[in-house]
Amino acid sequence: MEIKFYTNKGILDLSNVKFSTQEQNSMMSDRVFTKFFFPFVINVDDLFFQTFGDYLSDESKDVEVIIEGHLFHENKTYKAALTIENVEGYVLTGQIDYGFEEIPNFDKKLSELPYEKFKVDDIYSFAEGIVLKKWPQTNYNFPRIFTKKFVSDDIWDSFDGYYNDSTVENSLPKMKRNYIDGSGNIFNVNIIHPCPHPIYLLKVGFRDAGFDLLGDVLSDPDLQQRWVFSGTDYFTMKSQTRLEAKATQMDYYEDEPANLLINGHTYKMRKRKYSRSFSNLLPGNYKIKGSFRIQSFYGKIICRITANNTVVWEHDVYYTQGFLDKVFPIDISVPLNLTSNGINFFVEYIPLNYDASDYDVISFRLTSDVLTDDNASEEDTKVVNNLNEIDLSRAVPEMTFGDYVNGIKNWFNYDMDVVGTKIYMNRLGKNEPSNVQDFNEFSIKSPKKTFLQKRSFLIKFPDLPSPYKLDSIYYDYKGVKLNGLKNENTTEVEINGYPLPVAKPKEISAPTAIDALESSDVIGLVFYDGLIDGQNNSKNVPGCSHPELFNKNFLQWLRQRTRGVQYQWQKEVNAESFSQVKIKNHIFCNNNVHLIVSLNKDKVGDNTYQIDIVTETIS
């Protein structure tokens with residue numbers, strides 16, 4: 001039987017090497033693919049060392065011990081990795097791992113997959129239109145979700161706690177908009193956060209790997225109008241434009257003699273000028289708030305504010321009364337409409353004490369509705385920026401595609417089968433076995449039989465805070481126990497996800513979905529199938545949690561796994577004939593239909609396997 005390992009360096013022929021392989025049936029496991037080679041020993045020659053590296057030399061420091069490649073085995077090619085375990089002379093001990101990534105992008109992060117991304121004119125109006133649609137009219141939606149995640153900082157004082165928050169106008173939702181008022185106060189009232197459809201995420205992920213998704217999962221009623229809430233920060237932060245204009249009495253830019261004739265006396269004083277300017281300002285509305293303070297000996301006082309060389313405020317008065325201490329408070333708003341704008345503060349006067357510097361002649365703050373990326377880390381200037389775009393790569397949980405597939409698989413009791421370029425995700429135990437393979441030639445008369453009545457299963461969700469805790473299910477041959485305790489014979493199935501609970505977040509509020517975990521690395525599912533009284537709130541629709549989930553998706557499958565019989569035996573078989581056996585095939589032998597649980601194959605001859613097989617009967 002031909003067995004070869006192909007790399008970009010060369011080919012390693014293992015056809016005459018004795019080895020062991022082990023496979024686990026994913027139908028009996030919480031992982032999709034579990035298959036690997038055990039270590040093998042092979043005699044190598046100088047050509048091997050020339051091709052793959054000089055493992056014999058004491059001078060070699062950078063030889064590869066893990067070599068990526070492809071394994072040709074039983075007439076199939078697999079992505080694989082060769083690990084060089086040790087070398088003693090010309091005897092090499094190695095191990096080839098394969099089968100873990102029969103889907104080549106399982107290690108890709110969800111955020112790296114090619115989801116929809118495009119610009120929109122206005123994200124608030126766009127979301128108002130999308131919430132009127134259902135799957136499959138749209139691949140994402142904007143359900144209203146309550147969270148307590150953003151409560152600690154002053155920038156969230158105006159935030160009412162909702163993603164995709166809306167009010168109702170004319171029986172339709174109107175998305176709340178973040179804004180800065182005329183006084184420069186920031187109102188972060190809403191976070192627009194798209195929730196992609198769970199089946200859409202599966203389809204895109206498999207399509208990225210070159211596969212089409214088929215099977216029961218496409219029509220699963222519990223997934224049709226659910227949407228994935230990621231818990232990630234989909235929004236970005238911008239900084240409100242805030243500028244300070246300050247000048248003390250000693251910050252003058254011009255100082256010149258001034259002779260004042262007062263009541264027949266000549267006083268030699270100093271006339272000073274002050275200026276503070278801002279240029280290259282972006283267009284927007286600017287609030288100017290602050291004051292000029294003048295401690296003047298006598299004479300003319302000029303205080304002026306100009307915007308784009310136009311005077312917007314001015315005080316120009318000649319005072320015949322001396323020894324003044326005047327404050328001119330100003331609070332005005334100025335629209336700037338040019339591509340590049342400027343604001344200038346100017347002061348001219350004769351100081352009472354021209355050596356003093358204990359007060360500010362110019363003291364103003366400019367605040368604007370112009371947003372920039374500058375200083376976005378300063379808490380009091382942060383503005384939630386809901387971008388005018390859809391980018392679903394930022395709205396998915398922080399996990400790999402493989403973890404996402406396993407999460408859906410374990411949650412809804414699916415198996416996954418690869419047939420050419422098609423992926424089938426079908427529910428376990430839903431259908432009666434078909435195309436049962438005659439296995440009698442590979443069986444023995446008296447295998448070891450273990451009765452499975454001691455076996456039990458515990459299916460549980462993440463630990464949610466009270467009062468949103470979700471029930472777990474314990475199941476054995478006696479039946480179902482809600483929140484039952486496990487024992488040493490219990491197989492745990494941990495679901496890395498949860499249906500967002502639906503409740504009233506506040507005493508006077510409509511029920512909607514609650515972000516109970518505030519986590520970005522689990523699969524959160526939100527039910528949403530349209531408006532409720534004109535608002536985009538979620539509904540409490542059972543199906544994704546126990547007991548409904550167990551009764552629909554697990555009961556039939558686990559009943560046969562706790563009432564059947566486990567068979568185990570060893571036998572030497574013809575390798576060519578046995579290579580036709582697929583681990584997910586239903587087989588018939590010993591007067592029963594079985595599923596293979598695990599299969600060890602030792603190559604003991606040129607065309608001979610020693611098999612060690614474990615099966616379970618299907619009743």
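**Helices, rings and cores in a predicted model**

Student: This is a predicted model. Which residues of helix H2 are buried?
Tutor: Helix H2 spans residues 123-130. Its buried residues are Ile 123, Tyr 124, Ala 127, Glu 128 and Ile 130.

Student: What arc do they cover around the axis of H2?
Tutor: The buried residues sit on the same side of H2. That follows because their arc around the axis is only 165°.

Student: Which strands help cover the buried residues of H2?
Tutor: The cover includes three strands that lie apart in the numbering: residues 140-141, 172-175 and 389-391. They are strand S10, strand S14 and strand S30.

Student: Which residue caps the N-terminal end of H2?
Tutor: Look at the backbone nitrogen of Tyr 124. A side-chain oxygen lies 3.2 Å from that nitrogen. The oxygen belongs to Asp 122.

Student: How are the rings of Phe 297 and Tyr 298 arranged: stacked, tilted or edge-to-face?
Tutor: The count comes to 37 aromatic pairs. In the pair of Phe 297 and Tyr 298, the ring centres are 6.4 Å apart. Stacked needs planes under 30 degrees apart, and edge-to-face needs over 60. The planes here are at 50°, so the pair is tilted.

Student: And how are the rings of Phe 297 and Phe 323 arranged?
Tutor: Their centres are 5.5 Å apart. Their planes are at 75°, so the pair is edge-to-face.

Student: How many residues apart are Phe 297 and Phe 323?
Tutor: Phe 297 is in the loop between strand S23 and strand S24. Phe 323 is in the loop between strand S25 and strand S26. The pair links distant parts of the chain, and the separation is 26 residues.

Student: Is Phe 323 buried or exposed?
Tutor: Its partner Phe 297 has a relative accessible area of 10% and is buried. Exposed requires over 50%. Phe 323 has 63%, so Phe 323 is exposed.

Student: Which ring has the charged end of Arg 394 over it?
Tutor: Arg 144 lies over the face of Tyr 162, at 3.7 Å from the ring centre. For Arg 394, the distance to the ring centre is 4.2 Å. That ring belongs to Tyr 234.

Student: Which two residues touch the most other members of the largest nonpolar core?
Tutor: That core has 84 residues. Apart from it lies another core, of 29 residues, including Ala 245 and Tyr 359. In the largest core, the two are Phe 206 and Met 425.

Student: Which residues of helix H6 are buried?
Tutor: Helix H6 covers residues 555-563. Its buried residues pack against strands S35, S36, S45 and S46 and helix H5. They are Trp 557, Leu 558, Gln 560, Arg 561 and Thr 562.

Student: How far apart are the C-alpha atoms of Thr 562 and Ser 456?
Tutor: Thr 562 lies in helix H6, and its relative accessible area is 0%. Beyond its sequence neighbours within four places, Thr 562 is in contact with residues including Arg 455, Phe 457 and Tyr 475. Ser 456 is 106 residues away along the chain, yet the C-alpha separation is 6.9 Å.

Student: Which residue offers its backbone oxygen to the side chain of Thr 562?
Tutor: The oxygen lies 3.2 Å from a polar atom of that side chain. It belongs to Arg 559.

Student: Is Asp 222 buried or exposed?
Tutor: Asp 222 is in the loop between strand S18 and strand S19. Its contacts beyond four places in sequence include Phe 412, Pro 542 and Lys 552. Buried means under 20% relative accessible area. Asp 222 has 8%, so Asp 222 is buried.

Terms used
Residues numbered from 1 in each chain as written. Predicted model: local features only at pLDDT ≥ 70, side-chain atom pairs only at ≥ 80, totals over all residues. Heavy atoms only, no water. Phe/Tyr/Trp six-rings, centres within 6.5 Å; stacked < 30°, edge-to-face > 60°. Helix = DSSP H or I, 4+ residues; strand = E, 2+ residues; numbered from the N terminus. Buried < 20%, exposed > 50% of the residue type's maximum accessible area, 1.4 Å probe, protein only. Lys NZ or Arg CZ within 6 Å of the ring centre and 35° of its normal. Arc of directions from axis to C-beta. Contact = heavy atoms within 4.5 Å. Polar contact = N/O pair within 3.5 Å; in protein donor to acceptor, adjacent residues only side chain to side chain. Core = buried A, V, L, I, M, F, W, Y, C linked by side-chain atoms within 4.5 Å.
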